[in-house]
Amino acid sequence: MRAKYVPILLAVIVLFVFGCDKPTKYGEKKMSIKKQAFGKTVDGKDVDLYTLTNANGLKTEIMTYGGIVRTLEVPDRDGNLGDIVLGYDSLDEYIENNPYFGALVGRYGNRIAKGKFTLDGVEYTLATNNGPNHLHGGVKGFDKVVWGAEPMEDETSVGLKLTYRSYDGEEGYPGNLKCTVIYTLTNDNELKVSYEAETDKATVINLTHHSYFNLAGHGSGDILAHELMLTADNFTPVDEGLIPTGEIKAARGTLMDFTRPTPIGSRIAQVKGGYDHNYVLNSSDGSLALAASVYEPRSGRVMEIFTTEPAIQFYSGNFLDGSNKGKVEHHVGYPTVGTVYNKHNGFCLETQHFPDSPNKANFPSVVLKPGEKYTHLTVHKFSAK
Ligand code: BGC
């Protein structure tokens, strides 16, 4: 080779080694999706765990059991990844005692009073699993079934398509229901959850996702310093059994007001039992709109939630009581207080239709008829400041 070409060749090599192929800040070069066996259910069904990683190194593990998001690692303001969802190490722990950590919830998120509703003149009786009421789909809801799974990938995202066919009469609901939920992790640092369902008989439906978040990292204590903003001027008050009274009440200027960023803990002591309320979103035309924004001051992590749904349940982890011993691996950067999850150690923001809608004529309809398609899209967008 002529001597004059040597510097050019060297430059090309240097560019290739240190330029094009340079690992990103988070140590990952490419998006990936990996599958591993994760055990068996009590009735012998195989459960798999899929690990989705985007081009920036954000990572989530999703189980075929309950469509559960077991881990979700996102960067803090210094670029350190931390696992920001509550969860367990093993499948058995999820099977034994899971307060819906990370789960897909169906057929109906939240409560239906006395587990009864009437549709087209027929009264249906659902499984009751929360005192006299039906909660989150009943005794064996969608959080406890094994979903079919198919990995997906395009230029800008990795995904997992989950499918489940719920039979006519399951947990008391009418109609065979074909459900598809797609989790997508994009290179814009979003976790999207997209739902579709079709039925062969008129039924009711309200699917949601039930991650418990702690943006400082799971196991770093309570979430009371997180600043929450909800694009909701109104909420639906509840009775002692957490069933909506039917009223739609203004939140502004009350203990329930999160129209401006407010630390979750600032008024929680005055809210009996803590927050466990359905907020009525200001945008209700079914288009994708900002529903919530949460900022955690120590880590700088921000989570924004966009949804097509008319409401969001804000639950401040009131029933966590130390009986759930979480994942032993811990997040990076903040002192681990311990992964025994106590009261208010995580919060949920469940995009949904209003609780008990099948019994409340003034609430938006949750009826799905044959020939129609149920759709719901929720996007969790992560950043740091
Ligand atoms: C409900 C709570 C319930 C929790 C765990 C939330 O969606 O609003 O009342 O305790 O889920 O089941």
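The lining of the largest cavity in this predicted model is a mixed bag by class, with four nonpolar, five polar and one charged residues. Its members are Val193, Tyr195, Thr208, His209, Phe213, Leu349, Glu350, Thr351, Thr378 and His380. As for where they sit, β14 (190-199), β16 (208-210), β27 (348-352) and β29 (374-384) each put at least two residues into this lining. β27 chips in the most, with three residues. The volume of this cavity comes to about 50 Å³, and the protein holds four cavities of 30 Å³ or more.

The ligand is another story: the space it takes up is the second largest pocket. Around the ligand there are 13 residues, of which Arg111, His136, His210, Asp276 and Glu350 come nearest. Glu350 thus turns up twice, both among these nearest residues and in the lining of the largest cavity. Sorted by class, the shell around the ligand has six nonpolar, four polar and three charged residues.

Zooming in on polar contacts, the side chain of Arg111 has an N or O atom 2.8 Å from an oxygen atom of the ligand. For His210, a polar side-chain atom also sits 2.8 Å from a ligand oxygen. Gln313 joins in with a polar side-chain atom 3.2 Å from an oxygen atom of the ligand. As for how much of the ligand is covered up, the protein buries 94% of the 300 Å² that the ligand exposes when taken alone.

Note on methods
Residues numbered from 1 in each chain as written. Predicted model: local features only at pLDDT ≥ 70, side-chain atom pairs only at ≥ 80, totals over all residues. Heavy atoms only, no water. Near = heavy atom within 4 Å. Polar contact = N/O pair within 3.5 Å; in protein donor to acceptor, adjacent residues only side chain to side chain. Areas by Shrake-Rupley, 256 points an atom, 1.4 Å probe, with all protein chains shown as cover. 1 Å grid on protein atoms, 1.4 Å probe; cavity = no way out; pocket = protein on both sides within 12 Å on 5 of 7 lines; lining within 4 Å. Sits in = over half its atoms within 2 Å of the grid points. Nonpolar A, V, L, I, M, F, W, Y, C, P; charged D, E, K, R; others polar. Points joined across faces, edges and corners; volume = space filled by probe spheres on them. Helix = DSSP H or I, 4+ residues; strand = E, 2+ residues; numbered from the N terminus.
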